[in-house]
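Me: I have a chain on screen and want to go through its fold, its cores and its cysteines. Please keep the answers short.

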Amino acid sequence: MASSSMGMACLLLVLCMAAPSLATVYTVGDTSGWTTGVDYSTWANGKTFKAGDSLVFNYPTSHTVDEVSSSDYSTCTVGNAITTDNSGATTVALKTTGTHYFICGVVGHCGNGMKLAVKVESGSSTAPSKSPTSSSSSPPSSDKPSTTTPSTTTTTTNVPYSSSSWSLSPFLAFVTAWVALIVMFIS
């Protein structure tokens, strides 16, 4: 009986660990990283970002990763960052839906292409994204950052940064689940 409880506890632990593996970790710019001379619009095109996913920015410490408002993103205005980091390895957890805007806060770098906008969808949706083409003259109102009003639910737009992230690979979750099941049936 105790071994059966042990097996069930292992199975429950495996199931709890498998949930984080559904999130995707995107390395911004892939092997180029976060630097000038990369077209981040092209990099983001075709990717579907979901709440729970993470962006990993790898860069020399001569750059920054600043989350900014839509207007600061459009005009490459520096100095008004919602959050900023210059550690060289920034992981941003995409916790809220909507469009998130990132620029390099070093003067001139945003104008040289160090800017990224990602539209984050609900993590529970499995339908493919159908977003408007980039030739749209103005973004839909849902792409604008949310503002706090007394009659709406407040969402936090400050995204905490860390230099590392953790997620269990689907393969490791699969292997761990099988090991737990074997232990459960042997006991």
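Reply: Helices (H or I, at least four residues) and strands (E, at least two) are DSSP runs, numbered from the N terminus. This is a predicted model, in which local features need pLDDT of at least 70, side-chain atom pairs count only at pLDDT 80 or more, and totals for chains, interfaces and linings use all residues. Residues are numbered from 1 along each chain as its sequence is written, and side-chain values use heavy atoms, with hydrogens and water left out.

Me: What pattern does the chain follow along the sequence?
Reply: The chain has four helices and nine strands. Read in sequence order, the pattern is α-β-α-β-β-β-α-β-β-β-β-β-α.

Me: What percentage of contacts between residues at least 6 apart join residues at least 24 apart?
Reply: Contact here means heavy atoms within 4.5 Å. Among contacts between residues at least 6 apart in sequence, the share joining residues at least 24 apart is 75%.

Me: In what order do the five strands of the open sheet lie?
Reply: Two strands pair if DSSP finds at least two bridges between them. The pairing in this open sheet is mixed. E2 (49-50) and E5 (83-85) each have a single partner strand, so one side of each is left without a neighbour in the sheet. The order is E2-E8-E7-E4-E5.

Me: Which residue stands opposite Tyr 101?
Reply: Strand E7 covers residues 98-103 and strand E8 covers residues 115-121. They run antiparallel, joined by six bridges. Opposite Tyr 101, in E8, stands Ala 117.

Me: Which backbone oxygen does the side chain of His 100 reach?
Reply: His 100 is found in strand E7. It is buried (under 20% relative accessible area; exposed is over 50%, partly exposed in between; 1.4 Å probe, protein chains only), at a relative accessible area of 4%. At 2.8 Å, its side chain reaches the backbone oxygen of Thr 96.

Me: Is strand E3 largely enclosed or open?
Reply: Strand E1 (residues 25-27) pairs with E3 in the parallel sense over three bridges. Strand E6 (residues 89-93) pairs with E3 in the antiparallel sense over five bridges. Four of the five residues of E3 are buried, so the rest of the structure leaves it largely enclosed.

Me: Which residue in E3 is the bridge partner of Val 25, and which in E6 stands opposite Asn 58?
Reply: In E3, the bridge partner of Val 25 is Ser 54. In E6, the residue opposite Asn 58 is Ala 89.

Me: Which elements give two or more residues to the largest nonpolar core?
Reply: A nonpolar core is a set of buried Ala, Val, Leu, Ile, Met, Phe, Trp, Tyr and Cys residues joined through side-chain atoms within 4.5 Å. The largest has 20 residues, and Trp 34, Phe 49, Leu 55, Phe 57 and Leu 116 touch the most other members. The elements giving two or more residues are helix H2 (40-44), strand E3 (54-58) and E8.

Me: How many residues does the other core have?
Reply: This core lies apart from the largest one. Its members include Val 68, Tyr 73, Tyr 101 and Cys 110. The count is five.

Me: Where do the two cysteines of the disulfide sit, and how far apart in sequence?
Reply: The structure holds one disulfide (cysteine sulfur atoms within 2.5 Å). It joins Cys 76 to Cys 110, S to S 2.1 Å. Cys 76 lies in the loop between helix H3 (70-75) and E5, and Cys 110 in the loop between E7 and E8. The separation is 34 residues.

Me: Is the disulfide left-handed or right-handed?
Reply: Cys 76 is partly exposed at 24% relative accessible area, while Cys 110 is buried at 3%. The torsion about their S-S bond is about -65°, so the disulfide is left-handed.

Me: How far from Cys 104 is the nearest cysteine sulfur?
Reply: Cys 104 is in no disulfide. It is buried, with a relative accessible area of 0%. The nearest cysteine sulfur is that of Cys 110, away by 8.5 Å.

Me: Which side chains meet in a salt bridge?
Reply: A salt bridge is a side-chain nitrogen of Lys or Arg within 4 Å of a carboxyl oxygen of Asp or Glu. A search of the whole structure finds one. It spans 3.5 Å, N to O, and links strand E2 to strand E8, 71 residues apart in the chain. The partners are Lys 50 and Glu 121.

Technical notes:
A polar contact is a pair of N or O atoms within 3.5 Å; within protein, one must be able to donate a hydrogen and the other to accept it, and residues adjacent in sequence count only if both atoms are side-chain atoms.
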